[in-house]
Protein chains: 2
Amino acid sequence: MEGVNLTGSTFVIGVVAPAAPVDPKIVDPIRQIAADLYGDRVEVRFHPHCFLSAGHFAGGDADRAAAIIEFANSPDIDAIWFGRGGYGTMRVAPAILAALKPEALAKPYLGYSDLGVLMAGLYNRGAPLLAHGPVVHDLYRPNGIAAVTRALRWLVERSPETLEPGLIPGRKVAAFNLTVLCHLIGTSLEPAIAGHELLVEEVAEQMYRIDRCFAHLSDTRLAREISGLRLGRCTQTIPNEPEFALTEEEIAAQWCARAGIPYLGRADIAHDADNKIVPFGGITA
Amino acid sequence: MEGVNLTGSTFVIGVVAPAAPVDPKIVDPIRQIAADLYGDRVEVRFHPHCFLSAGHFAGGDADRAAAIIEFANSPDIDAIWFGRGGYGTMRVAPAILAALKPEALAKPYLGYSDLGVLMAGLYNRGAPLLAHGPVVHDLYRPNGIAAVTRALRWLVERSPETLEPGLIPGRKVAAFNLTVLCHLIGTSLEPAIAGHELLVEEVAEQMYRIDRCFAHLSDTRLAREISGLRLGRCTQTIPNEPEFALTEEEIAAQWCARAGIPYLGRADIAHDADNKIVPFGGITA
C-alpha cells in the first residue's frame, strides 16, 4: 500500500471549492464519516471560503484563488479534497497554478467534473498524486456515504479497492468530464496525456451534445495521441428532441472508429455514488 | 453593387440541410417570398434530402453529405442556402469539404449556428462568398419574413442594406455561434481568422455556459490572433441557478480584458429575425 503512515500526527484533509459553494450542513456528517473510519487520526478541515456565495461561485475569483493557494501551499494540510464541482474552476485555475509551491504539487488532490480543469493544469506540472473521484458534495447522492468513504480511503490510504476496476498496472490513464475536456482543448490547460488511456463521463446533457463533444474531441491532437478511450456513464441525460437514434456507447464507438482511436469499453466513473477512483497517470503493480 | 446580373437565365438558389431536417410546409411560402421579390428570375430549389429524417438529422450522414456535394458542385446551382441549423454539420463537413470542386468554392453560401462548422472549413479553403446570416427555417421566427427577405437579397444581389451595421470596409471579420466555435478549437475545422474581428452570438444556454465558452475561447491561439470581439445577442437564455451575477456583455468584456482582446461592443447578429448578414472576410469599400 502506498498510503500514509497514520501512526504519527493527525492527517489533515483540506477542503476547498474552486467552483460552486459547499453546504455548511455537510460538514458534520462528513467529519462523522471520517471519524468512524479513522478516529482522531484524520481531520477534514473546510476552508471558510467554501461557504461563501458570489453568484454562481464559492466566493469571488480572488477569494477562491487565495483560499485554494493557501491550503495547497500550507505545510499543515496533507491532502486537498475538492468540495464540489459545478462551474468556476476555469476562472481561477491559472492564478492558482502560478502560485503553487513545489510542496503543493506533491500532495494528493481528489475531485472530478469541473475540477478536471485544475487537475489538467496540475498534471501538466508533474503533480504525481491526482485522482478523478468523488467530491465532498457527493454525500448528497443516493448511497453517497459509499462515495465519500471511497474518497477518504483513497486520500488517506490510497486503498486499492477504491480504484476503477479497469485500470491496468503500468498503463497510463486520465479521466475527465467530456464537456469540461472539450473546453480545455487548445488552451494553456489542455492536458498532456499522449499515450494515456482516456476515460470520460458525462452528466445532464442531451445526446446531440454528447455527440458534438465526441465530434470535437476525436478531431484533435489529443485524440490522435491517446492510446484508447473508455466511456463512463452518461447520467441524468436530458431527452433529445427528436430521439437521437444512437446510444452514448454507439456514439463513442463510432467516433473512435472514425478517428482510429481504440475504443476499450465502459469505465466505472460518473456523476453518481459508484464513481470509482482514477489516479492520473495510472497505477503501478 | 456586387450582385448578380439578373437579366440572363434564372438564378438558382439550392437549399441543403447538413443538420436538422426542413419542414416541407415551408417550401411554398419561401418560394412565394422569392417570387414577390424577383418574379421568375430566381428559383429556390430544395434538395429532396432536406425532408428526410434520420434521428436528429435530415437523413443519414452519407445521404446528407452526398446531397450537399451534389448541389455545391452542380453547374445548375448558383448559390447555396442552408435550410436549418440544429446539430449535425460536424458529422458531414469533412466528407463534403474533401469532395468539393473549385467551382463549388466560388458560390455564395449563407447560414449560421451549426452551419458555422462548414463555413469555417470553406473559409479555410479560400471560399470568397460565405456569409453568416438567416437560414430558411428563420421564416418561422416572429417577423421571419424580414429574415428570409434579407437572406434572399444577400444571396441574389449582395444588397448592402442586408449587412451587419458595424462592418467597416477593409476590416476583416468572421461570425460564429459561440458554442459551435468552441467545439471547432483544436480541430481540422478551426477557422483561420488571424487579424479578423470576431462576432459571436449564443442561443438557449445558461449564463455559466456562456462564461465557460468565453473562458475557453479567450485562452486559445485564435483569441490571441483576432483583432477584436463583438458580442451578438444571447437569446432564449436558460435561467442560471443561482443567478450568475454577470450579464453576457459583462462576461464578454471581462474575458476580453483578461486576454487582452479589444472588446468592441455589440453586434447585430443572433438567433432571431434581426440577424444581419456578416460576410466572412468583411466588406470592401
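**Exercise 1.** Is Arg233(B) buried, partly exposed or exposed, judged by its relative accessibility?

*Solution.* The model is predicted, so local features need pLDDT of at least 70 and side-chain atom pairs count only at pLDDT 80 or more, while totals for chains, interfaces and linings use all residues. Residues are numbered from 1 along each chain as its sequence is written, chains are lettered from A in the order in which they are written, and side-chain values use heavy atoms, with hydrogens and water left out. The scale sets buried at under 20% relative accessible area, exposed at over 50%, and partly exposed in between (1.4 Å probe, protein chains only). At 23% relative accessibility, Arg233(B) is therefore partly exposed.

**Exercise 2.** Find the salt-bridge partner of Arg233(B) and place both residues in the fold.

*Solution.* A salt bridge requires a side-chain nitrogen of Lys or Arg within 4 Å of a carboxyl oxygen of Asp or Glu. Arg233(B) meets Asp272(B) in this way, at 2.7 Å from N to O. Because Asp272(B) lies in the loop between strand 9 (263-266) and strand 10 (278-279) of chain B, and Arg233(B) in strand 8 (residues 228-235) of chain B, the pair ties together parts that are 39 residues apart in sequence; strands here are DSSP runs of E, at least two residues long, and helices are runs of H or I of at least four, both numbered from the N terminus. Asp272(B) is buried, with a relative accessible area of 16%.

**Exercise 3.** Describe the salt bridges of Asp61(A) and Asp61(B).

*Solution.* Asp61(A) pairs with Arg258(B) at 2.7 Å, N to O. This pair crosses between chains, from helix 2 (residues 61-73) of chain A to helix 10 (residues 248-259) of chain B. Asp61(B), for its part, forms a salt bridge with Arg258(A), where the closest N and O atoms are 2.6 Å apart, and this pair too crosses between chains, from helix 2 (residues 61-73) of chain B to helix 10 (residues 248-259) of chain A. Arg258(B) is partly exposed at 42% relative accessibility, and Arg258(A) is likewise partly exposed at 42%. Over all chains, the count comes to 36 salt bridges.

**Exercise 4.** Which residues make the contact between helix 3 and helix 5 of chain A?

*Solution.* Helix 3 (residues 89-99) and helix 5 (residues 116-124) of chain A pack at an angle of about 25°, with their axes 9 Å apart. Counting heavy atoms within 4.5 Å as contact, helix 3 of chain A contributes Thr89(A), Met90(A), Ala93(A), Ile96(A) and Leu97(A), and helix 5 of chain A contributes Val117(A), Leu118(A), Gly121(A) and Leu122(A).

Terms used: Axes are lines fitted to C-alpha atoms, for helices over the stretch in contact, and angles run from 0 to 180 degrees between N-to-C directions.
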